[in-house]
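Dear colleague,

Here is the structure I said I would pass on. My notes on it follow below.

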Amino acid sequence: KPGEHKHSKEPSSLPCMHLAVVACGDRLEETLIMLKSAVLFSNRRLCFHIFAEDSLKPEFEKKLKEWPSSYTKKFEYNIYPITFSVGNAQEWKKLFKPCAAQRLFLPVILKDVDSLLYVDTDVLFLRPIDDIWNILKEFNSTQLAAMAPEHEIPKIGWYSRFARHPYYGTTGVNSGVMLMNLTRIRNTQFKNSMIPSGLSWEEMLYPLYQKYKNYITWGDQDLLNIIFYFNPECLYVFPCQWNYRPDHCMYGSNCKGAEEEGVSILHGNRGVYHDDKQPTFKALYEVIRDFPFEDNLFQSLYYPLQSKFLDTVHTLCGRIPQVFLKQIEKTMKKVYENRVIVYLGANHRY
């Protein structure tokens with residue numbers, strides 16, 4: 001059946017991959033499309049941790065229950081209220097976008113979760129989460145989180161030109177896709193600019209915010225950049241195809257990894273799924289949104305995407321459709337091959 005994957009090593013028997021997202025305001029649909037993209041392609045079971053305003057909780061439950069059982073059995077989910085364990089909750093809530101600072105508190109709230117992938121609501125998976133989850137195994141003994149650079153080219157990067165606070169590396173990092181070893185984060189004493197000895201993650205957050213709040217523009221992302229500026233050995237930097245944003249193509253193609261391997265995770269920041277500034281990003285969002293779960297992936301997802309892309313060739317991002325299509329095509333072929341093997345295996349048994 002569509003959505004079922006049987007392998008020699010049963011993926012459902014492996015521990016689940018934890019995915020966290022924070023949804024406030026009008027982000028319900030965007031979050032559901034992100035979760036849909038995760039479920040469409042992933043092999044192993046998923047555990048969703050959805051942090052949402054109280055008014056959104058019944059909506060999430062209603063929509064997720066409408067998904068077909070062949071997909072709902074691939075994941076479990078929990079919905080949590082928005083909470084901040086230290087400092088002023090109203091201040092945290094208003095920092096940058098509504099509730100975005102919640103991601104800083106995931107190690108404190110999800111005490112029983114060892115590792116986690118956090119993503120913004122405007123993210124789309126174009127290949128199995130299993131593939132980014134495997135990066136956790138590449139961490140050395142001091143690394144406890146992974147993010148992609150904010151920009152590839154310092155001379156046109158935001159942090160390298162405008163930041164008034166410390167930031168990681170030469171261009172800073174983007175926190176829209178963040179892989180975290182929560183156990184290590186909870187057990188580490190972090191170097192900082194406030195006291196000579198280290199502070200735990202939870203002890204550090206509010207004093208750090210108080211010290212830099214008049215200098216930060218991008219809220220929690222800036223705080224993460226400050227933390228990893230003082231603790232660079234704690235960060236693993238993954239390449240730009242794992243957090244591909246309009247900046248990577250709207251001034252000309254500047255993500256070499258995506259040119260070679262294709263986009264793995266699409267990040268439609270600046271609202272590009274909902275306006276006409278970047279039609280290539282909008283096309284991907286709409287095709288995944290409109291895909292009927294039980295339909296054929298090639299017929300109802302890949303071909304509509306190809307035809308929509310033809311209308312975007314007048315844009316710089318639209319001139320490189322292969323960058324957007326390469327991983328999604330590869331992933332669908334794997335899904336198709338797995339189903340053929342399942343089908344043949346089932347017939348052979350009986």
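**Arg270 and the rest of the chain**

Arg270 sits in the loop that runs between strand S9 (265-267) and helix H12 (279-290). Please keep in mind that this is a predicted model. Arg270 is not a glycine, yet it has a positive phi of about 65°. Its relative accessibility is 52%, so Arg270 counts as exposed, the cut-off being over 50%.

A second loop residue is Asn231, found between helix H10 (220-230) and strand S8 (235-237). Is Asn231 buried or exposed? With a relative accessible area of 1%, Asn231 is buried. Apart from neighbours within four places in sequence, Asn231 is in contact with Phe190 and Lys191.

Next, the aromatic residues. The count of aromatic pairs in the model comes to 20. One of them is formed by Phe75 and Tyr77, with 6.5 Å centre to centre and 40° between the planes. That pair is classed as tilted because its angle falls neither under 30 degrees, as for stacked planes, nor over 60, as for edge-to-face. Phe75 is buried, at a relative accessible area of 5%, whereas Tyr77 counts as partly exposed at 25% relative accessibility. The two values fall into separate classes because buried means under 20%. Both Phe75 and Tyr77 belong to one aromatic cluster, together with Phe48, Trp67, Tyr71 and Phe293.

As for the chain overall, there are 14 helices and 9 strands. The radius of gyration is 20 Å, close to the 20 Å given by the globule rule for 350 residues, so the chain is as compact as a globular protein of that length. Along the principal axes, the C-alpha atoms fill a box of roughly 70 × 45 × 40 Å. Of the 350 residues, 55% count as buried. Among contacts in the chain with a separation of 6 or more, 73% are between residues 24 or more positions apart.

Two points on the surface and the charges remain. The accessible surface of the chain comes to about 15400 Å², and carbon and sulfur atoms hold 52% of that. The chain has 42 positive and 39 negative charges, and the mean positions of these two sets are 2 Å apart.

Regards

Note on methods: Residues are numbered from 1 along each chain as its sequence is written. This is a predicted model: local features need pLDDT of at least 70, side-chain atom pairs count only at pLDDT 80 or more; totals for chains, interfaces and linings use all residues. Side-chain values use heavy atoms; hydrogens and water are left out. Helices (H or I, at least four residues) and strands (E, at least two) are DSSP runs, numbered from the N terminus. The radius of gyration is taken over C-alpha atoms; the globule rule is 2.2 Å times the number of residues to the power 0.38. Buried means under 20% relative accessible area, exposed over 50%, partly exposed in between (1.4 Å probe, protein chains only). Contact means heavy atoms within 4.5 Å. Accessible areas come from the Shrake-Rupley method with a 1.4 Å probe; for residues, only the protein chains shown count as cover. Lys and Arg count as positive and Asp and Glu as negative; His and the chain ends are not counted. The place of a charge is taken as NZ of Lys, CZ of Arg, CG of Asp or CD of Glu. Rings of Phe, Tyr and Trp (its six-membered ring) pair if their centres lie within 6.5 Å; planes under 30 degrees apart count as stacked, over 60 as edge-to-face and the rest as tilted.
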